[in-house]
Amino acid sequence: PRRLRSLGIARARAAQQPNEPNDVGEAGEPAVVEGVKGVWRVDPRWLDGLRGSTGRAALLSPLDRLVADRKRLGEIFDAEYYLEMYKPAAQRRWGYWALPVLWGDRIVGKLDAVADRDAGELRVDAVHEDEPWSAACRDDVRREVESLAGWLGLAPVVI
């Protein structure tokens, strides 16, 4: 049950992961993800919180459990993401430590940001939209960047 709460949604049985299992057996309730084959398991408390919610933007860590399992990410969100810090700079598409952007129930892009403590700023070097962003999405992402910068004690700077 705790693993299911932390994952949000998971397969009863899934492929082995290097860090820890990402399957949950018969915990939770069966759920169907529209457009995805098979049955998933979900904690009913998460479903109660979704009803009537419009969501918001969130900048995810590249190590966040939501994006760590690339196969699950592709199945649920039809999204692609790779941590590119080990690639040579010329081969990176999104950036050294690009943050996946969650808006509502979709991964909509990546944000390449650097915390430059010497300059006292959170610098956003690039924004990669997986699909064109609406004005509302853009505003929500801007607020998240400002919130992250404030939490870090830095000024937000978008290049």
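Where in the chain does Ala119 lie? Select Ala119 to begin, and you will find the residue in the loop between E6 and E7. With a relative accessible area of 46%, Ala119 is partly exposed. If you then add Ala155 to the selection, the C-alpha atoms of the two residues are separated by 9.1 Å, although Ala119 and Ala155 are 36 residues apart along the chain.

Before going further, colour the protein by confidence, since this is a predicted model. The mean pLDDT of the protein is 84, and 86% of its residues reach 70 or more. Confidence is highest in strand E7 (residues 121-129), at a mean of 95, and lowest in helix H2 (residues 44-50), where the mean is 67. Where pLDDT is low, the predicted coordinates should not be read in detail.

Next, select the largest nonpolar core, which has 16 residues, and start from Val101, Leu111, Val141 and Val145, the residues with the most contacts inside it. Strand E4 (57-59), strand E5 (99-103), strand E6 (106-116), E7 and helix H5 (135-152) are the elements that give two or more residues to this core, and H5 gives the most, with 4 residues. In soluble globular proteins, nonpolar side chains tend to be buried together. Centre the view on Leu111 and display what surrounds it: leaving aside residues up to four places away in sequence, Leu111 touches Leu59, Trp97, Ala98, Leu99, Val101, Val124, Ala126, Val127, Val141 and Val145. A second, separate core of 11 residues can be selected afterwards, and among its members are Ala58, Trp94, Ala98 and Ile107.

Now isolate H5, a helix of 18 residues that reaches 26 Å from its first C-alpha to its last, close to the 26 Å expected at 1.5 Å a residue. Which residues of H5 are buried? Highlight Cys137, Asp140, Val141, Val145 and Ala149, each of which is buried in this helix. An α-helix has 3.6 residues a turn, so residues three or four places apart point the same way. Bring back the surrounding elements, and you will see that the cover over the buried residues of H5 includes E4, E5, E6, E7 and strand E8 (155-158). Just after the helix, select Gly153, which follows H5 and has a positive phi, near 75°.

A positive phi also occurs at Asp78, with a value of about 50°, although Asp78 is not a glycine. To find Asp78, go to the loop between helix H4 (70-77) and E5; its relative accessible area is 72%, so Asp78 counts as exposed.

The next stop is an open sheet of 3 strands, with the order E1-E3-E2 and antiparallel pairing. Strand E1 (9-11) and strand E2 (29-31) stand at the edges, each with a single partner strand, and therefore one side of each has no neighbour in the sheet. On average, and with direction ignored, neighbouring strands of this sheet are turned by 45° against each other. For a closer look, select E2 together with strand E3 (residues 40-42), which pair in the antiparallel sense over 3 bridges; here Glu29 stands opposite Val42 in E3.

Finish at Leu7, which lies in helix H1 (residues 2-7). Is Leu7 buried or exposed? Leu7 counts as buried because its relative accessibility is 9%. Add Arg65 to this last selection: Leu7 and Arg65 are 58 residues apart along the chain, and 6.6 Å separates their C-alpha atoms.

Terms used:
Residues numbered from 1 in each chain as written. Predicted model: local features only at pLDDT ≥ 70, side-chain atom pairs only at ≥ 80, totals over all residues. Heavy atoms only, no water. Buried < 20%, exposed > 50% of the residue type's maximum accessible area, 1.4 Å probe, protein only. pLDDT = per-residue confidence, 0-100. Core = buried A, V, L, I, M, F, W, Y, C linked by side-chain atoms within 4.5 Å. Contact = heavy atoms within 4.5 Å. Expected span 1.5 Å × (residues − 1). Pairing = 2+ DSSP bridges. Axes fitted to C-alpha atoms, helices over the stretch in contact; angles between N-to-C directions.
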